[in-house]
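Subject: Structure handover

Hello,

Here is the structure you are taking over. Please open it first, then read the notes below it.

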Amino acid sequence: MSEATDNISRHTLSWLLLCNIAVLLPLIDKAAVATLGICGICFVWRIGIYFGRVAKPPRWLVTTLAIAAGSTLLLVSREIGMLNALINLLILGYALKYIEMRERRDILAIVLAGYFLIALAFIDKQGISDALLSLLVCAINTATLLSVYRGQQAWLLQGRQALILMLQSLPLAVALFVILPRLSPLWLVPQSKSATTGLSDQLRIGDITQLTRSQALAFRVTFDGKAPAAPQRYWRAMVLSDYDGQTWQQAADVRDINWYRPYAIKEALAPTTGATLNYTVIAERSSQHWLFALDRATSSTRAVKNLTDYRLVALKPVEQQFQYQVQSQLDAALDDPLSASTLRENLAIPQDRNPQTLALAQQLKAQYPEPRQRLAAMMQLFNQQPFYYTLSPQPLGQNQLDDFLFSTRQGFCVHYASAFTMLARASGLPARIVAGYQGGIYNASAGYMSVYQYMAHAWAEVWLDGQGWVRYDPTAMIAPERIEQGFDSLFSPEESYLADASFSAIRNSSWFNALRQQFANLDYYWTVWVLGFNEQRQQQLLAKLLGEVTPLRIALFMISVITIVLLVIAWSTGLLRLPSRQSVVDRHFNAVAKASAKAGIKRELAMGPMDFTALLQHHWPQYHAQLDDWNNCYLQLKYQSLSTNELKAITLKFTNKSKEIIKIISRDPAAN
């Protein structure tokens, strides 16, 4: 029987069991329930084969399972998305091949498929913890391959050899990472129907309170200069102008945009001249298009578009960490043109809803004809009346705003922003809600600001002649510390983002937060220097390494790297041996032997130091005492335990004796 059809060893089967779990574990969130069930059956069956309790399944059974699994995925592809369906199909193929393997070549197919699944998992999640996990899984997969050819080696030894192989390939991987051009994808991957995180494209009165329970990171910001003050940290994400009495949505023309056709998006005009704040944002995965920026923002980053309301959107859903550059003018007016359709949309009021709110708006309009005075009175209404800011307000009925303004008077940012916007609209002023984040925690040691999901916020914008859209945040009238000092100054962690967390006492401890901060810094540097390694940074690095970036220099650089990698591999496998560095004692002993060989007295390879000394004494008997003294020094240095002082003294004596004997041999080569 040939090597390709030899039976698979029990040692390799053990590695395959471990490898199966390691490869599929990072993809478990992508697997459908049916996929997990079939993978579980395959794994249990393989355990049964390993212990000799069941036989290998017949091919017709594996084929039937494959057809059934494929048909099931085809039926549920609309629910889970085409991309997730394809991922599930690959996972099922890996699991089914796992139970029907019979020969060594089947293991090679499983290992190669494992590498593909590892790469697929890393493409989906590229954080530093995900990278470390991918390296570990890759090492296990490589060790499984080694077990096919290295026999019954110890587990730790085989794992060590796998790590060595990966380290040997690391220089080439780094070189390819630096050299390969950053190209846009040739096609767009269909969007997966995975759960989105963060702000939704619809905003109901109770939505943001769910985000206050999350301490997940929303995005990080690095400023070129000084960070803005806390009251200026309003991170705009969505503008919501369509309200049906229950839900706020973006304008119809924005909702209808075909995001995969960039020319369908109308870009904003360049900002006017003035003081500009430059910064870099690294957005976490949200599976949404909108991005985050301060007031009056524009961006020149590829794959980012500027909308006419000075918001930023990504052409593709943010399915992994995404870095982009922003320029903001915090003091400039949001004076985008107010068309007739925009005016109608921002004055629209749901019919047969909230009659008390509408009546109050008319009362304020009659009392304060001037718009700015009217808006100030609306803001003072929340300050002077007994309104209360809470994350657990009483439920509201069909007329939400009436119940809030005249009954419960308890709520958080969405309650106040919705009521203020409706009061402004009902009094004849165009108004809308802006959803985003407010605040940010600045890390002075690392130089970046972190914004978390629990900082989600909503406020209002009102159109005023001569000023454009002006921000009004009624929350500041109820809980000014929420704006001035941040979310944590108003609510303790136990009331908000740690309320539902496990081990909240540990999570709130100082040592845990310090450890988490250090890991956050590491993740930030990984995101900036690895995931954020774009075309501009690539050209800067190549210019530092190569000087002038030319195809010839790039080719020579790659040839050099490949040559070094091959030399390291040849040396580690024993194909190449570098000359070992001799000690001072051996170097002088060999020098004497070389001098005697030139004189015609060659020392044989198996001849020890005493026999060699006797040979020299036979040819130069007149120097018997000097040779005997030289030999005694050598034996002491090589075979006796000496103190530091003795070692120095005898080494010096041996060195001098060696030089003396070399002179004797060179001067009297014809003796005896």
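Start with residues 106-123. This stretch is 100% helix and 0% strand. Its end C-alpha atoms are 26 Å apart. Residues 12-28 read otherwise: 76% helix, again with 0% strand. There the end C-alpha atoms lie 24 Å apart.

Both spans come from a record. The unreviewed UniProt entry lists them under "transmembrane region". It also lists residues 34-52, 59-76, 82-99, 129-149, 161-180 and 554-578 under that heading.

Confidence

Keep in mind that this is a predicted model. The mean pLDDT of the protein is 81. Of its residues, 85% reach 70 or more. Two stretches call for care. Over residues 185-190 the pLDDT is below 50, and the stretch has 6 contacts beyond near neighbours in sequence. Over residues 192-196 the pLDDT is also below 50, but here the model has 18 such contacts.

Helix α3 with helix α4

Helix α3 covers residues 59-80, and helix α4 covers residues 82-100. Their axes come within 9 Å and cross at roughly 165°. An angle over 145° counts as roughly antiparallel, so that is how α3 and α4 run relative to each other. The crossing of α3 past α4 is right-handed. On the α3 side, the contact is made by R59, V62, L65, A66, A69, G70, L73, S77 and I80. On the α4 side, the residues are M82, N84, A85, N88, L89, L92, L96, I99 and E100. By class, this contact has 12 nonpolar, 4 polar and 2 charged residues.

Helix α1 with helix α4

Helix α4 also packs with helix α1, which spans residues 10-24. The angle is about 175°, and the axes are 12 Å apart. This pair is therefore roughly antiparallel too. From α1 come L16, L17, C19, N20, V23 and L24. From α4 come I91, Y94 and Y98. The contact of α1 with α4 has 8 nonpolar residues, 1 polar and no charged.

Helix α13 with helix α14

Further along the chain, look at helix α13 (residues 400-408) and helix α14 (residues 413-426). Which way do α13 and α14 lie to each other? Their axes come within 10 Å and cross at roughly 105°. That makes the two roughly perpendicular. In α13, the residues are L401, F404 and L405. They meet H415, Y416, S418, A419, M422 and L423 of α14. The split is 7 nonpolar, 2 polar and no charged.

Over to you.

Best wishes

How values were computed: Residues numbered from 1 in each chain as written. Predicted model: local features only at pLDDT ≥ 70, side-chain atom pairs only at ≥ 80, totals over all residues. Heavy atoms only, no water. Axes fitted to C-alpha atoms, helices over the stretch in contact; angles between N-to-C directions. Helix = DSSP H or I, 4+ residues; strand = E, 2+ residues; numbered from the N terminus. Parallel < 35°, antiparallel > 145°, perpendicular 65-115°, else oblique. Left-handed = near helix turned anticlockwise from the far one by under 90°. Contact = heavy atoms within 4.5 Å. Nonpolar A, V, L, I, M, F, W, Y, C, P; charged D, E, K, R; others polar. pLDDT = per-residue confidence, 0-100. UniProt positions renumbered as here; feature names shortened; annotations may be inferred.
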